[in-house]
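Look at the model below before reading on. The paragraphs after it go through one helix, one loop residue and the confidence of the prediction.

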Amino acid sequence: MELLCAFRTHLFHTRSLPFLHTTSKLPASPGNRFLRRDADVKANGVFSGDPDPRAIDRQKALEAAMNDINSSFGNGSVTRLGSAGGALVETFPSGCLTLDLALGGGLPKGRIVEIFGPESSGKTTLALHAIAEVQKLGGNAMLVDAEHAFDPSYSRALGVDIENLIVCQPDNGEMALEIADRMCRSGAIDLICVDSVSALTPRAEIEGEIGMQQMGLQARLMSQALRKMSGNASKAGCTLIFLNQIRYKIGVFYGNPEVTSGGIALKFFASLRLEIRPTGKIKSPKGDEDIGIRVRVRVQKSKGCILDCAEMMDVVVRKGSWYSYADISRLGQGRDKALQYLRGNPHLGNEIEMSRVQMDFSFSHVSMSSNFFNKLVSKVLNSLNFFNNVLETLTISTERRKINPGHLHHIYIV
């Protein structure tokens, strides 16, 4: 028991030695001499508040590495985000004003969007509205009709220019995704809509017999296709909209049994996931027939929100449930009320956004040495506190088990 306790303590303190360079009882070994030299260099450089003498050499090495990469893989392979101007993501209208307000402008360009929901919930209608908006802006749109159920008259009624709409009705899933990827790489398409993921049947499943077990074919197909298409869509500025259906897990008694088809790769690659569900019927003026449905779109995944980012950067302060800006303007009680207030006062939202960008820019220019010093001091203090607790525990163990105090001292200084 005594040997086991000493061995575990020895391992811990051996790992923790790099944070305790000032220990005077360290044995004279090449490794410890290296640690002392490292501590002396950093104490004379970064830790003392003076500029790091290696900063200029590191910057030159960074520029040389970037130039070498750009010459090998092409200009723009690696670049600084501030000089590239790629910090902003352009959007286009989705065809629904309230959805555009919820998304902060509309659907993003060059990203993957997933729209899923139950049957007859308006997934295709929402996608057709987005296609119509892209065509109004002078862009080109493509519809991959994997379900073979495209209705031209209904699309025309929604504002889609069906004469200029590119439609593809593939024979299998590989054909659909390969065509979509080639059109995306052309750089001439602004929007590609795949309707739907559940209808992307793998070629092996089509060529096989009904009833044959084909495990994970569609999931592997989607995962491979998304790995290729995500980068191509970003470079070409083409938005990919995948419509997806809902399935139910078997034997789920607790939690949500719903799951989307095609595996989980689409959940990770999608920058925006919209869940659409019907909430009621729209009656005719006489009230004798149903002429439409009311739907609710829930943003399940969206990368970025001005209020959340401003709160993280301390531009907007939350006290209890109240959000306030600059200690003079109360935005509202609760997140929803604050967002509603910002929508009604766009000038205040722009001011908060500019303040957040300026603070982000200033934070990026903070000296790395101070951040590293604060982290190192914190680790040293935590290690010292833990050492004290371990020392007290081992002292109590020495009194109870009558361990030689010399062993305890040896364990601490190794």
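What follows starts with a helix and ends with the parts of the chain that call for caution.

This is a predicted model. Helix H10 covers residues 217–236. How far apart should the ends of H10 be? With 20 residues at 1.5 Å a residue, the helix should span 28 Å, and its end C-alpha atoms are indeed 28 Å apart. H10 also has a bend of about 30 degrees, located at leucine 226. After the helix comes glycine 237, with a positive phi near 70 degrees.

Which residues of H10 are buried? They are Leu217, Gln218, Leu221, Met222, Ala225, Leu226, Met229, Asn232 and Ala233. In an α-helix there are 3.6 residues a turn, so residues three or four places apart point the same way. The buried residues of H10 pack against two strands, S3 (112–116) and S7 (239–244), and against the helices H8 (173–185), H9 (203–207) and H11 (265–269).

H11 leads on to a loop, and serine 271 lies in this loop, between H11 and strand S10 (272–283). Serine 271 counts as buried because its relative accessible area is 9%, and the cut-off is under 20%. Its side chain makes a polar contact of 3.4 Å with the side chain of arginine 111.

How confident is the prediction? The protein chain has an average pLDDT of 77, and 68% of the residues score at least 70. Over residues 396–414 the pLDDT is below 50, and this stretch has 22 contacts in the model beyond near neighbours in sequence. Residues 360–370 also stay under 50, with four contacts beyond four places in sequence. Where pLDDT is low, the predicted coordinates should not be read in detail.

Notes:
Residues numbered from 1 in each chain as written. Predicted model: local features only at pLDDT ≥ 70, side-chain atom pairs only at ≥ 80, totals over all residues. Heavy atoms only, no water. Helix = DSSP H or I, 4+ residues; strand = E, 2+ residues; numbered from the N terminus. Expected span 1.5 Å × (residues − 1). Bend = angle between axes of the 7 residues up to and from the residue. Buried < 20%, exposed > 50% of the residue type's maximum accessible area, 1.4 Å probe, protein only. Contact = heavy atoms within 4.5 Å. Polar contact = N/O pair within 3.5 Å; in protein donor to acceptor, adjacent residues only side chain to side chain. pLDDT = per-residue confidence, 0-100.
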